[in-house]
Amino acid sequence: MNQQTFFQADPADTPLATRMRPRSLEEFAGQRHLLGQGKVLRQLIDRDRVPSMIFWGPPGVGKTTLARIIAGKTQSNFINFSAVTSGIKEIKEVMNEAERTRLLGERTILFVDEIHRFNKAQQDAFLPYVERGSIVLIGATTENPSFEVNSALLSRCKVFVLQALSVQDLVGLLRRGLSDPRGFGNENVEVGEEILEAVANFANGDARTALGTLEMLVLNANRQEGKVQVTQEILEQCVNRKSLLYDKKGEEHYNLISALHKSMRNSDPHAAVYWLARMLEAGEDPLYVARRLIRFASEDVGMADSRALDVAVAAYQASHFIGMPECNVNLTHAVVYLSMAPKSNALESAYIAAAKDAQQMLAEPVPLVIRNAPTRLMKELDYGKGYQYAHDYEAKLTTMQCLPDSLKDRKYYQPTTQGNEARYTERLRQIEEWKRVHREAEAKKKF
């Protein structure tokens with residue numbers, strides 16, 4: 001019989017999310033693409049053939065809980081290991097214990113939370129034990145394992161992508177929290193369906209956030225005549241700002257800037273403004289966004305509307321001057337302008353093609369005719385001989401060749417017919433035609 005003490009924790013003091021932790025796959029919310037009947041992970045669990053694996057997904061989707069359920073269902077020892085507090089010494093101690101129990105016929109599932117926080121040496125320490133089968137390693141990460149987990153370790157693990165919980169999943173989870181005795185099942189709690197949906201939307205796919213918010217609502221609810229009433233007013237007091245999943249250095253950072261860039265490229269101002277708001281409201285540096293807009297102005301709009309670069313630079317300066325939140329409208333101005341502008345990637349394509357030639361032909365000499373000749377020796381070596389100063393000619397054009405002989409027929413800038421670039425297309429055609437005619441005339445004179 002356990003003796004009660006003054007310091008023994010009251011179960012009610014345990015967070016609701018902990019009390020409601022699923023005990024079986026049937027209670028587990030979401031991830032039907034992995035755990036539905038006939039799905040790969042479900043079959044591996046049911047057949048007790050669980051391999052080492054990595055769970056990759058956002059916070060609060062059940063990575064730790066699923067590992068615990070797997071360990072219980074497959075009758076394995078479960079060791080919870082934190083990458084934040086453990087080093088190589090602790091890894092080896094746990095591995096040696098797992099090796100000992102393996103020889104006794106017992107299997108160990110080692111769950112490593114935030115495995116991306118381990119450095120290369122720490123991750124490498126797992127390799128021999130995973131290869132020998134001393135442990136079944138289950139790593140959890142919110143970061144893309146392709147970048148954060150060593151390739152040697154990653155090649156020995158199956159990666160399963162866990163998705164953010166849907167609003168429907170979270171509403172079901174909240175209902176269970178209200179009806180289950182582990183939650184508020186012993187209390188007469190009245191919560192409207194619209195409030196549950198609002199909490200689910202606020203949680204942004206995170207079960208922990210959803211249950212934590214529900215707990216806050218119930219604790220602050222009106223209590224009268226044995227009833228606990230959660231009102232819209234209490235909801236508004238407890239939920240004053242949506243918590244957006246965002247890591248300025250993680251994959252979601254690049255996902256969102258990619259979404260903004262591609263929405264503008266697709267001339268979709270509605271989507272572009274939404275992705276801009278997602279970044280800014282999550283705390284992104286507005287100057288980072290402004291720098292990306294400056295790049296976009298030349299990469300995707302270019303000379304189809306050269307004014308786009310002016311607008312983007314002005315938005316950067318405005319953001320620098322006044323900062324957030326006031327600069328959000330300046331960035332919106334630029335994002336909408338860039339979205340609506342005619343598009344051309346001719347400048348980007350021109351540079352990529354020229355860079356390829358520059359890398360492959362690094363030794364190509366500058367033609368003598370366009371070299372400077374500041375010394376007498378250079379003049380004697382024919383530097384600048386035959387140079388034609390364009391301003392001395394009526395057309396402001398000459399037949400002089402400025403590319404090396406091996407590249408003389410290359411055409412890097414290929415303007416489009418979009419926006420103002422149509423004028424440059426015609427201008428470039430006129431220039432090239434003038435040079436062709438006059439070069440042919442010069443060639444005839446030589447003969």
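User: Hi! Let's start with Lys158: where does Lys158 lie?
Analyst: Hello! In this predicted model, Lys158 sits in strand 5, which covers residues 158-161.

User: Is Lys158 buried, partly exposed or exposed?
Analyst: Lys158 is partly exposed, because its relative accessible area is 43%, between the 20% limit for buried and the 50% limit for exposed.

User: Which residues is Lys158 in contact with, leaving aside neighbours within four places in sequence?
Analyst: Those are Pro51, Ser52, Met53 and Ile54. For Ile54, the C-alpha atoms of the two residues lie 6.2 Å apart in space, with their positions 104 residues apart in sequence.

User: Nice. Before we go on, what is the mean pLDDT of the protein?
Analyst: The mean is 84, and 92% of the residues reach 70 or more.

User: And where is confidence lowest and highest?
Analyst: Going by means, helix 5 (residues 88-103) is lowest at 76, and helix 18 is highest at 96. Please also keep an eye on residues 1-9: pLDDT stays under 50 there, and the model has one contact beyond four places in sequence for that stretch.

User: Good to know. On to charges: how many salt bridges does the count come to?
Analyst: The count comes to 25 salt bridges. One of them joins the side chains of Arg19 and Glu215, at 3.7 Å from N to O. That pair links distant parts of the chain, 196 residues apart, with Arg19 in helix 1 (residues 16-19) and Glu215 in helix 12 (residues 207-219).

User: Are those two buried or exposed?
Analyst: Arg19 is buried, with a relative accessible area of 16%. Glu215 is buried as well, at 16% relative accessibility.

User: Which residues are linked in a network of salt bridges?
Analyst: The network links Arg265, Arg295, Glu299, Asp300 and Glu348. Within it, Glu299 pairs with Arg265, their closest N and O atoms being 3.5 Å apart. This pair spans 34 residues, from Arg265 in helix 14 (residues 251-265) to Glu299 in helix 16 (residues 286-301).

User: What about Arg265 and Asp300?
Analyst: Their side chains also meet in a salt bridge, at 2.6 Å from N to O. Again helix 14 and helix 16 are linked, here by residues 35 apart.

User: How does burial look for those three?
Analyst: Asp300 is buried, with a relative accessible area of 7%, and Glu299 counts as buried at 15%. Arg265 counts as partly exposed at 37%.

User: Switching to Ser344. Which residues does Ser344 touch, not counting those up to four places away?
Analyst: Ser344 touches Glu299 and Asp300, which we just met, along with Val301, Gly302, Ala304, Thr416 and Glu421. With Glu421 there is also a polar contact between the two side chains, at 2.4 Å.

User: Where is the place of Ser344, and why does Ser344 count as buried?
Analyst: Ser344 is in the loop between helix 18 (328-340) and helix 19 (346-360). Ser344 counts as buried because its relative accessibility is 4%, under the 20% limit.

User: Let's check some backbone geometry. Which peptide bond is cis?
Analyst: The bond from Met324 to Pro325 is cis, with omega near 5°. Pro325 is in the loop between helix 17 (307-322) and helix 18.

User: Which residues other than glycine have a positive phi?
Analyst: Gln31 is one of them, with phi of about 60°. Gln31 lies in the loop between helix 1 and helix 2 and is buried, at 5% relative accessible area. Glu114 is another, with phi near 55°. Glu114 lies in the loop between strand 3 and helix 6 (120-124) and counts as partly exposed at 26%.

User: Since strand 3 came up, how many of its residues are buried?
Analyst: Five of the six residues in strand 3 (residues 108-113) are buried. Strand 3 runs parallel to strand 4 (residues 136-141), with four bridges joining the two, and Phe111 stands opposite Ile138 in strand 4.

User: One last thing: what span should helix 10 have?
Analyst: Helix 10 (residues 167-179) has 13 residues, so at 1.5 Å a residue it should span 18 Å, which agrees with the 18 Å between its end C-alpha atoms. Its buried residues include Asp169, Leu173 and Arg176. Among the elements covering the buried residues of helix 10 are helix 2 (32-35), strand 6 (189-191) and helix 11 (193-203).

Technical notes
Residues numbered from 1 in each chain as written. Predicted model: local features only at pLDDT ≥ 70, side-chain atom pairs only at ≥ 80, totals over all residues. Heavy atoms only, no water. Buried < 20%, exposed > 50% of the residue type's maximum accessible area, 1.4 Å probe, protein only. Polar contact = N/O pair within 3.5 Å; in protein donor to acceptor, adjacent residues only side chain to side chain. Contact = heavy atoms within 4.5 Å. Salt bridge = Lys/Arg side-chain N within 4 Å of Asp/Glu carboxyl O. Pairing = 2+ DSSP bridges. Expected span 1.5 Å × (residues − 1). pLDDT = per-residue confidence, 0-100.
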